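Dear colleague,

I am passing on the structure we spoke about, with the sequence alongside. Please look through it before reading the notes that follow.

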Amino acid sequence: MRGVCAPRSGPSLSGARYAVKGVRTTVNIKKLENELWESADLLRAGSKLTSNQYCMPVMGLIFLRYAFSRFKRTEQEILKSSRPERGGRVMPVEASDFASKSAIFLPREAQYEYLVNLPSNVASSGLVNRAGHAMNSLGEAVNNAMELVEAQSEQLAGVLPKEYTIFTDELLADLLRIFNNSALDDVKGDVIGRIYEYFLNKFAKNIAQDDGVFFTPKPLVKMIVNVLEPTSGILLDPACGSGGMFVQTGDFVSAAGREANSAMTLYGQEKVEYNAKLCLMNMAVHGLNGLIKSGDEANTFYHDAHGLKGKCDYVMANPPFNVDKVNADAAISEGRLPFGTPAINKAREINNANYLWISYFYAYLNDHGRAGFVMSSSTTDSARRDREIRAALVETGHVDVMISVGSNFFYAKSLPCSLWFFDKGKRPELRNTVLFLDARNYYTVVDRTLNEWSEWQLKNLTAIVWLYRGEQEKYRALLREYELALGTPAFARRMDQLALEMADLRSEAKEAVEKAARREKKKVRAEYDRRMAELEEAFVTAREAVWLCEKFGEGEYRDVLGLCRAAGLEEIREKNYSLTPGAYVGVAPVEDDGVDFAQRMGEIYRELLTLQAESNELMERISQNMKEIGL
């Protein structure tokens, strides 16, 4: 691995600030996601339905499309095997054949292909539903399909939407056609799973239901899973929303070469039944089995619905923050408060339930269990009774990692948050140490109101945890991944080269577009945009590789001012049991960007004068043209 973090040679551009917006991988799946969403949202805009009314039926159609793709794939597998014969005729496939392959058998009337090809006048077709009643609209036919699917799956009973009669037949037929795309047949590649998550993401932003709590941003979910590293055992999400923790866990286990449904047992609680239905469909679309309880019996404040206290290998959650008026006596009765009860007012209510959640998460763990969850930033340093609970928690030695997250990671909340991690199975030498990570200034800007961690940024943050745990080989594997992506071990030199290539390409693009014939300008610009996106993506990759190597070289953990610090128990006691990363990591020195302020302002001023002159010239030309045509 010598040379992987090799320094620059030759002229250095390290003083320059490279302003490149976060670039995502430009692959067909992203184009497909966007096209499907735009088509579906255009139909919604043309109807009288709100996003809230539209969300569940659309997610149901995506689920039905997934079920059909998996049905076809499984049917082909079954037919390739030797089939029993009767009277010289091969027996048709049956529901039992699909059950053995963890797939849902679809009667003909529940198959997506059947619904897409129904005649425009359903009422004249003489169709009847599973109850024997005549169906007079396409909406009734889709409702019937959902009922037929539920009859085949105990996990989906009562879950799928059946309000398709709110759509006109024309609108529903158009929606069905949108998802009748052959690209969605790639079940093995989980394309529909990606589409489902993409639509959830979009609906969360549009609806912001309950401040968007039904959808935890994927980067935060991934970070929680990356730190916990679930491999086998019992996983509980006691505030499971739409099931993102389960889906990401399934992906993590699969990437490790194991079968998620065999390795993991998934349990969830979700008070809001609407969200629980989204969760169950999400799990089904990703081929996951689990037991999800919803409604009043699944209100985690008052019920351990699955009886899992002290039994969980993993707990993951994004609970609602700062909930008040929680009935203290009902909360105490379940016996999940190992550090005592949070502050109680005269009405026997808990005015802020944050430490109720924290206590519950700890109580669910077995003697080697790990927990990771999202929490309000203020919780790391709250006073009085909260501090007492936090002190008792810290003294167990089981607080593992604390991460500060910057603003605008949620669709409906702009405030920052924190990620907490417990580990009851910590190595002895780390027992009385906590890793503090301040990632508030480390993110990718998506748009004016939304930030995220890119895939490389997630890997970099996870790599710090690996090094803290002494897992250097994982870090070195990440360096090899960077080297493969960039085609060189000299990351810094490659970043400088890409910066120069981008500058040259911008100049070339401007000249080429100006010279192109009017009818060709759009095509020429699009081609240069594509080439620039490829360079920007490579540049961002190189920049993240340099970020990691400059701090940790070829693989030794060290405290980095403004970013991370491994603090011992004595230091945490001295800081009155604060778990705020900023209190430990300090403030990084401000880098000199090498730009002369006065010189740069002069350049900007001259550029502004040039733009104003061009604007005035353009306005005069337009005015002259208007006069020539008599206006």
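A salt bridge here is a side-chain nitrogen of Lys or Arg within 4 Å of a carboxyl oxygen of Asp or Glu. This is a predicted model, in which local features need pLDDT of at least 70 and side-chain atom pairs count only at pLDDT 80 or more, while totals for chains, interfaces and linings use all residues. Residues are numbered from 1 along each chain as its sequence is written, and side-chain values use heavy atoms, with hydrogens and water left out.

Across the whole structure, 26 salt bridges were found. In one of them, the side chains of R427 and E429 meet at 2.5 Å, N to O, and R427, at 35% relative accessibility, counts as partly exposed (buried means under 20% relative accessible area, exposed over 50%, partly exposed in between, with a 1.4 Å probe and protein chains only).

Another salt bridge joins R469 and D400 at 2.8 Å, N to O; this pair links distant parts of the chain, 69 residues apart, with R469 in the loop between α15 (455-468) and α16 (472-486) and D400 in strand β10 (residues 399-405). Helices (H or I, at least four residues) and strands (E, at least two) are DSSP runs, numbered from the N terminus. R469 counts as buried because its relative accessibility is 6%, and D400 is likewise buried, at 3%. Both residues belong to a network of salt bridges that also links E229, R370, D423, E471 and K474.

With regards
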